[in-house]
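Got the viewer open and a hand on the mouse? Turn on the cartoon view, keep the selection box ready, and let's take a walk.

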Amino acid sequence: MLHEILLSLSGHPSPLLTADHSSPTSILSPPEKALLSSIDHLSNLHCQLLAHTSTIVASHQSSICQAVATAIRSTHLAAFQRKVLEVEDGILKKDARNVGAYNIVPLTAIVGEFSGWTRRMEWFLEVVEFMMRGNGGDKKCTGAMVIDRLCAAMQTGYVDIEEAALSLVTVAETAWLKQVSAWILYGRLPSFGREDFFVQVVEGDVYEVESKRELLPAFVSASTASSLLFIGRSLNHIRVKGISSASSPELDLLSSHLQQLSILKFPIDNANFSRVIASIRLSLSQTTLQKLLPLSRVTEILSLLREFFLLGRGEFAIALITETDDKIRSRWRRSDNLAYEKRDGLGNIVVKDGEVSAILARTWAAMGSLQGEHEEDQDEDELLELARDLVQLILVKGTSTPSSKGNSSPQATSNIASTPFRNLLLSVPVSLTLHIPSPLDLFLTLGDVQSYSSINAYLLSIHRAHLRLTDLWKITSLRRDHPAPPGPPYGSSTVGRSKVLTIRERMKERSEAMRSVWATSSAAVFFLGETEAYLQGEVVQGTWLGFKNWLIGETESRPTSSKSLTEDDEDIWLKAGRELTTTSTNHTHDPQSLADAHRRYISALATSLLLTNSSFTDPLYHLLQQIDHLVALVHRVHSIWQSLDLEADEGVVDAFSDFHKEEKDVKEQLVVIAQRVKSAIEELVRSLRDIDQEKEGWDSGFAELVLGEEGAYVPAKVGRVDRLLMKLDFGGWFDNGKRGGDDPDGLYESDDE
C-alpha cells in the first residue's frame with residue numbers, strides 16, 4: 001500500500017487510489033478513505049501539472065509562458081519529487097519520523113509530510129491553466145498577462161505562495177528582459193515569440209513598428225514604453241540603412257548598456273526600470289543620434305510643414321486651389337462633350353492618380369514662376385525645392401480617417417474629427433502628404449503626417465470657400481449694371497428710349513432677385529474672413545512660434561500686464577515676474593524628446609483649431625458645401641441671363657434650351673441655398689458660443705503650471721474662442737429672417753426700429 005501511495009505521488013496513477021471504495025465491503029476504513037482522498041487529490045494535481053507544463057513548453061506561442069512552465073516543472077515539481085524520494089528513503093531507513101513501533105508506518109505521518117504541498121500545487125495548477133486558456137474567450141494568454149498575475153500573487157498572505165510566486169516572477173521577467181535587451185541593444189525583434197512581444201510590425205509597404213500596450217507588463221509606464229520603442233527603432237534604422245560600422249558609437253556603448261540592465265533586481269521596479277531605460281536613451285541620443293539627426297534638419301522639415309501644410313506660404317494654397325478649380329472646370333466641359341458624343345464614355349472622367357499628381361506639378365510650376373520674381377531670397381528657394389521633392393498630392397482610397405499610429409504616445413493623440421474636408425478640394429478624397437526621408441523618420445511618423453494632412457484639408461477648404469465667394473464680386477455686370485442709352489439718332493428715338501427703359505427694368509428686376517444672395521454672400525465672406533484670420537493669425541502662428549522657440553532654445557516669460565500700476569504700490573517680485581525676458585540655452589533635444597514635443601504640438605494645434613470638436617466641424621463642412629452650391633448657382637444664373645440678353649437684344653436663339661424655365665428654377669434654388677447658408681452660419685456661431693461656455697472657468701489665457709520633466713515642451717495657450725465671437729457680430733441679421741418681414745436680407749431696418 002505504501003508503495004502504491006508513493007508511486008501515485010510521483011505522477012503514476014495507482015488503482016488503489018482511483019478505485020471506488022464507497023461500498024460497505026471495502027477493505028479501507030472511513031479514516032483511511034479520508035486520508036487517501038487527500039493523497040489522491042495531490043497525485044491528481046501532480047499528474048495534471050506534468051501534462052499541462054509539457055503542452056505549454058511544446059506548443060505555446062509565448063516564450064515567457066514556456067519559461068514559467070519549464071520553471072514549474074524543473075524547479076517546483078522536481079522539489080516535490082525529491083520530497084517523495086526523501087519520504088521513501090526515511091521509511092526504508094526506518095526513520096522515527098515516519099516509522100513507529102513494530103515497524104508500523106502510520107498513514108497520518110505520510111499525509112502529514114505532504115500537507116504543505118497541497119496549497120502550492122493547487123496554485124501552480126491555477127497558473128498553468130491560466131497560461132493555457134488566458135482570460136477566457138478568444139484572447140490567448142500573453143507573457144505580460146502572466147507577469148502581472150504572478151506579481152499580484154506575491155501580495156498573498158501565504159508565505160509559501162509568495163516564495164513560489166517570487167521565483168516564477170524572476171523567471172518570467174528574466175525571459176521578458178532578454179527579449180527587450182535584443183531590441184534596445186541591437187534593434188532586433190525576438191526570433192521566437194515575436195507575436196508575444198510588445199513591438200509589432202505594421203502591415204504596409206513601408207516598414208513601420210508600433211507599440212502594443214496590452215503586451216506590456218504593468219510596471220512599464222507609457223513614457224518608458226515610448227522610449228523602448230524609440231531606442232529599438234533608432235538602432236534598427238541605423239542597422240537597416242547601413243549607417244553602422246565597426247567603430248560605431250552605439251557598439252561602443254553596448255557594454256555600459258548591458259551593465260545598466262544587469263543591475264536591475266527582480267521583481268522589476270517601475271522607477272528603477274524607467275531610470276535605466278532613460279539613461280540608455282540619453283546616452284544613445286547624445287552620441288550616435290545627435291550626429292545622425294542634427295537640429296538644422298529638424299528645423300528645416302518643420303518649417304516645410306508650417307509653410308506648405310499649415311498654409312504659412314499663402315501663394316502655395318492659392319496656386320493649388322486655382323489648379324484644382326481649373327481641373328474641375330475642364331472635366332465638366334469634357335463630360336458635356338462626352339454626353340453628346342458617346343454616353344458610355346462618361347466613365348472616362350473619373351479622377352485618376354496621374355491627374356492628381358499633374359495638378360501638384362502645375363502648382364509647383366506656378367510657384368516657380370512666382371519665386372523667380374524674388375531671387376534675392378535663396379532660403380525660400382531651398383525650401384521650395386525640398387517641398388517639391390517630398391510633398392505629394394494623392395487620392396485617398398477607402399473611407400478610413402486619418403488617425404495616429406500605435407507608436408504615438410497616448411498624450412499625443414489628437415482625436416481629430418472625422419469630418420471629410422478632404423472631399424472639398426477636388427470633389428474626391430485627396431490628401432496632401434509627405435514622404436518622410438531618412439533619418440527624419442526617427443521623430444516624424446506616418447501618424448504625424450496624417451494629422452498634418454487633416455489640418456491642411458481643414459484650413460485649405462476654408463480658404464478655398466473664402467476665395468470662391470470673393471471671386472463673385474469680380475462679375476461686375478451681375479453686381480451692378482445701369483445700361484446707357486445708345487448713341488444718336490437711335491437713342492433719341494422713341495424705340496431707342498423704350499428699349500433702354502426695358503433693359504433698365506430688366507436689370508432692376510435681376511438686381512432685386514440677387515439682393516438676398518449678395519447679402520448672404522457678404523455675411524459669409526465676413527464669417528470666413530474672421531474665422532480664417534483667427535485660425536491662421538492667432539492659433540497656427542502663435543502655436544508655431546511657441547514650439548519654434550522651445551526647439552531652438554529660446555524661452556519667453558509671460559508678457560507684462562496691460563494694467564499700469566504705480567511703482568510705489570507694486571511688489572518688486574511681481575514686477576520682475578511680469579517683465580519680458582528671453583533666454584537662450586544651448587540645450588539640445590534628443591530625438592525622443594523632439595518626437596514627444598512634436599506630438600504635443602500637433603495635439604494642441606488641432607485642439608485650438610477646433611478640429612477636435614465635431615459639433616463645430618460638421619456644421620462648418622455643411623456651410624462649405626452650401627457655399628460651393630451657391631457659387632455654382634450664381635455662375636449659372638449669370639450665364640442664363642447672358643443667353644437671355646442675346647436672345648432678347650440680338651435675336652440669338654438656342655432651340656435646345658429653355659432659359660426662362662431654367663431662370664425660374666435657378667432663382668428658386670438661389671433663395672433656398674442662401675437661406676441654408678444663413679442658417680449654417682447661425683448654427684456655427686451658436687456652436688462657438690457653446691464651446692466658449694464649456695471652456696469658461698479654466699481657459700483664462702495664461703500658461704498653465706504643468707508638473708513634468710524640466711525643459712519639456714508645454715504648448716502655449718492661444719486662440720481664445722471668445723475673441724473670435726466678439727468679431728462675429730451680425731447684429732439683427734439672424735432675427736430679421738425669423739420675423740418674416742419685408743426685409744429678409746437684413747440690409748435695412750424697419751421704420752419703427
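The stops below go from the whole chain to helices, helix pairs and a few single residues.

**Before you click**

This is a predicted model, where local features need pLDDT of at least 70, side-chain atom pairs count only at pLDDT 80 or more, and totals for chains, interfaces and linings use all residues. Residues are numbered from 1 along each chain as its sequence is written, and side-chain values use heavy atoms, with hydrogens and water left out.

**Stop 1: the whole chain**

Select everything and colour by secondary structure. How many helices and strands does the chain have? The tally is 26 helices and six strands. Helices here are DSSP runs of H or I with at least four residues, strands are runs of E with at least two, and both are numbered from the N terminus.

Of the 753 residues in the chain, 45% are buried. Buried means under 20% relative accessible area, exposed means over 50%, and partly exposed is in between, using a 1.4 Å probe and protein chains only.

Now think about contacts, meaning heavy atoms within 4.5 Å. Among contacts between residues at least 6 apart in sequence, 76% join residues at least 24 apart.

**Stop 2: two helices on their own**

Select residues 222-240 to pick out helix α9. Its 19 residues reach 27 Å from first C-alpha to last, close to the 27 Å expected at 1.5 Å a residue. The expected span is 1.5 Å times one less than the number of residues. Switch on a surface: α9 is mostly covered, with 15 of its 19 residues buried.

Next, select residues 591-608, which is helix α22. Its 18 residues should span 26 Å, and the end C-alpha atoms are 25 Å apart, which agrees. In α22, 17 of the 18 residues are buried. Just after α22, click on L610, which takes a positive phi of about 65 degrees.

**Stop 3: α6 and α7**

Show residues 118-133 (α6) together with residues 143-153 (α7). The two axes come within 10 Å and cross at roughly 160 degrees. Axes are lines fitted to C-alpha atoms, for helices over the stretch in contact, and angles run from 0 to 180 degrees between N-to-C directions. So which way do α6 and α7 run relative to each other? They are roughly antiparallel, a label for angles over 145 degrees, while under 35 counts as roughly parallel, 65 to 115 as roughly perpendicular and the rest as oblique.

The crossing of α6 and α7 is right-handed. That means the near helix is turned clockwise from the far one by less than a right angle; anticlockwise would be left-handed.

Turn on side chains for W123, E126, V127, F130 and M131 in α6, and you'll find them meeting M145, V146, R149, L150 and A153 in α7. This contact has eight nonpolar, no polar and two charged residues. Nonpolar covers Ala, Val, Leu, Ile, Met, Phe, Trp, Tyr, Cys and Pro; charged covers Asp, Glu, Lys and Arg; the others, Gly among them, are polar. Check the spacing along α6, too: an α-helix has 3.6 residues a turn, so residues three or four places apart point the same way.

**Stop 4: α20 and two partners**

Select residues 515-552 for α20 and residues 295-309 for α13. Their axes come within 12 Å and cross at roughly 175 degrees, which makes α13 roughly antiparallel to α20. Among the residues making the contact are L295 and L302 of α13 and W544 and F547 of α20. The contact divides into seven nonpolar, four polar and one charged.

Now add residues 446-470, helix α17, whose axis comes within 9 Å of that of α20 and crosses at roughly 145 degrees. This crossing is left-handed. Residues that meet here include Y458 and I462 in α17, and L528 and E532 in α20. By class, the contact has 10 nonpolar, six polar and one charged residues. In α17, 20 of the 25 residues are buried, so it is largely enclosed by the rest of the structure.

**Stop 5: single residues**

Click on Q626 in helix α23 (residues 614-650). Is Q626 buried or exposed? At 9% relative accessibility, Q626 counts as buried. Leaving aside neighbours within four places in sequence, Q626 is in contact with I673, R676 and V677.

L644 lies in α23 as well, and is buried with a relative accessible area of 8%. With the same neighbours left out, those within four places in sequence, L644 is in contact with R510, F659, H660 and E663.

Finish at R686 in helix α24 (residues 659-695). R686 is partly exposed, at 41% relative accessible area. Measure from R686 to L725, C-alpha to C-alpha: they are 39 residues apart in sequence and 9.7 Å apart in space.
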